[in-house]
Amino acid sequence: MASLGDRTNEISPNHVEILIHAINGVDPKPSQEIEESNIDYSKRAQWLRAAVLGANDGLVSVASLMMGVGAVKESITAMILAGFAGLIVGAYSMAIGEFVSVYTQYDIEMAQIKREREVNIAGVGEEDQREKLPNPFHAALASALAFSVGAMIPLLAASFIRDRKIRLAVVAVVASLALFAFGGVGAMLGKTPVWKSCVRVLIGGWIAMAITFGLTKLIGSAGLRM
């Protein structure tokens with residue numbers, strides 16, 4: 001039979017730590033939970049902002065454009081062509097705008113790093129600061145791709161429906177569901193209130209589609225030809 005001293009020597013520090021937690025009534029925290037608690041969600045803001053903004057903008061812009069054209073034109077061809085044109089020009093515009101915006105931010109932060117380097121000769125932490133700077137090319141690409149994904153949703157929804165009224169209703173419903181989903185995804189990734197984000201995005205999309213449809217319908221009723 002092993003002595004008490006031998007059994008004591010066999011107990012590892014990890015076992016002792018577990019026993020201490022058990023005695024105190026506190027379960028040891030899994031390493032996965034510790035890693036998740038250390039996530040810096042602010043780092044996600046650079047690409048999350050571009051992606052969510054691009055997807056929402058693509059969806060709302062193209063859906064509103066198609067709703068406006070559909071308000072005065074029976075042809076499905078006119079509606080699809082208008083939406084496709086909006087996809088192309090919108091994706092390019094989003095990419096250029098995001099690139100210029102983020103590059104401006106990049107220049108400002110680089111200038112700040114240089115000023116700090118002049119004060120701090122050793123340059124402590126400069127490499128870390130450079131790594132955290134936003135990437136204009138990544139932001140531009142994310143915006144363009146996200147805009148295209150959002151814009152494709154109403155285009156695909158309307159492509160196979162011949163009746164104009166049904167087509168308009170389907171575009172509105174599909175766009176609303178997608179807006180709600182985009183708002184939820186963005187909120188979950190950024191760890192913000194989900195319902196608040198979903199409702200905010202949805203109401204904004206409704207307003208844009210309603211204004212575009214109403215004004216285009218009003219102009220068409222006034223006798224102007226497209």
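## The loop between α7 and α8

Phe-160 is located in the loop that joins α7 and α8. In this predicted model, Phe-160 has a relative accessible area of 74% and is therefore classed as exposed, the cut-off being over 50%. The C-alpha atoms of Phe-160 and Ile-76 lie 9.0 Å apart, although 84 residues separate the two in sequence.

## Overall architecture

The protein chain contains nine helices and zero strands. Read from the N terminus, its order of elements is accordingly α-α-α-α-α-α-α-α-α. The chain has 226 residues, of which 30% count as buried.

The exposed surface of the protein chain amounts to about 14600 Å², and carbon and sulfur atoms supply 66% of that area. Among contacts with a separation of 6 or more, 76% are made by residues 24 or more positions apart.

## The nonpolar core

In soluble globular proteins, nonpolar side chains tend to be buried together. The largest nonpolar core of this model comprises 25 residues, and the members that touch the most others are Leu-59, Met-66, Val-171 and Leu-179. At least two residues of this core come from each of α4, α5, α7, α8 and α9. Helix α4 provides the largest share, with seven residues.

Val-171 illustrates the packing around one of these members. Leaving aside residues up to four places away in sequence, Val-171 touches Ala-63, Met-66, Met-67, Met-79, Pro-154 and Ala-158.

## The salt bridge

Side chains of opposite charge can pair when their charged atoms come close. The structure holds one salt bridge, formed by the side chains of Arg-164 and Glu-74 with an N to O distance of 3.7 Å. The pair links distant parts of the chain, 90 residues apart: Arg-164 belongs to helix α8, and Glu-74 to the loop between α4 and α5.

The two partners fall into separate accessibility classes. Arg-164 has a relative accessibility of 17% and so counts as buried, being under 20%. Glu-74, at 55% relative accessibility, counts as exposed.

## Aromatic pairs

A pair of aromatic rings is described by the distance of the centres and the angle of the planes. The structure holds four aromatic pairs. One of them joins Phe-180 and Trp-195 in an edge-to-face arrangement, with 5.5 Å from centre to centre and 65 degrees between the planes. Because Phe-180 lies in helix α8 and Trp-195 in helix α9, this pair ties together parts that are 15 residues apart in sequence. Phe-180 is partly exposed at 30% relative accessibility, while Trp-195 is exposed at 63%.

Ring pairs also connect Phe-99, Tyr-103, Tyr-106 and Phe-137 into a cluster.

## The nonpolar surface patch

Phe-180 and Trp-195 also belong to a nonpolar surface patch of about 1200 Å². The other contributors are Val-185, Met-188, Val-194, Val-199, Ile-203, Trp-206, Ile-207, Ile-211, Leu-215 and Leu-218. Two elements, α8 (164-190) and α9 (194-221), give two or more residues to the patch. Helix α9 accounts for the largest share, nine residues.

Val-194 is one of the patch residues and is found in helix α9. Its relative accessibility is 33%, so Val-194 counts as partly exposed.

Notes
Residues are numbered from 1 along each chain as its sequence is written. This is a predicted model: local features need pLDDT of at least 70, side-chain atom pairs count only at pLDDT 80 or more; totals for chains, interfaces and linings use all residues. Side-chain values use heavy atoms; hydrogens and water are left out. Patches are made of residues with over 30% relative accessible area and no salt bridge: like charges are joined within 9 Å, nonpolar side chains (Val, Leu, Ile, Met, Phe, Trp, Tyr) within 5 Å. Accessible areas come from the Shrake-Rupley method with a 1.4 Å probe; for residues, only the protein chains shown count as cover. A salt bridge is a side-chain nitrogen of Lys or Arg within 4 Å of a carboxyl oxygen of Asp or Glu. Helices (H or I, at least four residues) and strands (E, at least two) are DSSP runs, numbered from the N terminus. Buried means under 20% relative accessible area, exposed over 50%, partly exposed in between (1.4 Å probe, protein chains only). A nonpolar core is a set of buried Ala, Val, Leu, Ile, Met, Phe, Trp, Tyr and Cys residues joined through side-chain atoms within 4.5 Å. Contact means heavy atoms within 4.5 Å. Rings of Phe, Tyr and Trp (its six-membered ring) pair if their centres lie within 6.5 Å; planes under 30 degrees apart count as stacked, over 60 as edge-to-face and the rest as tilted.
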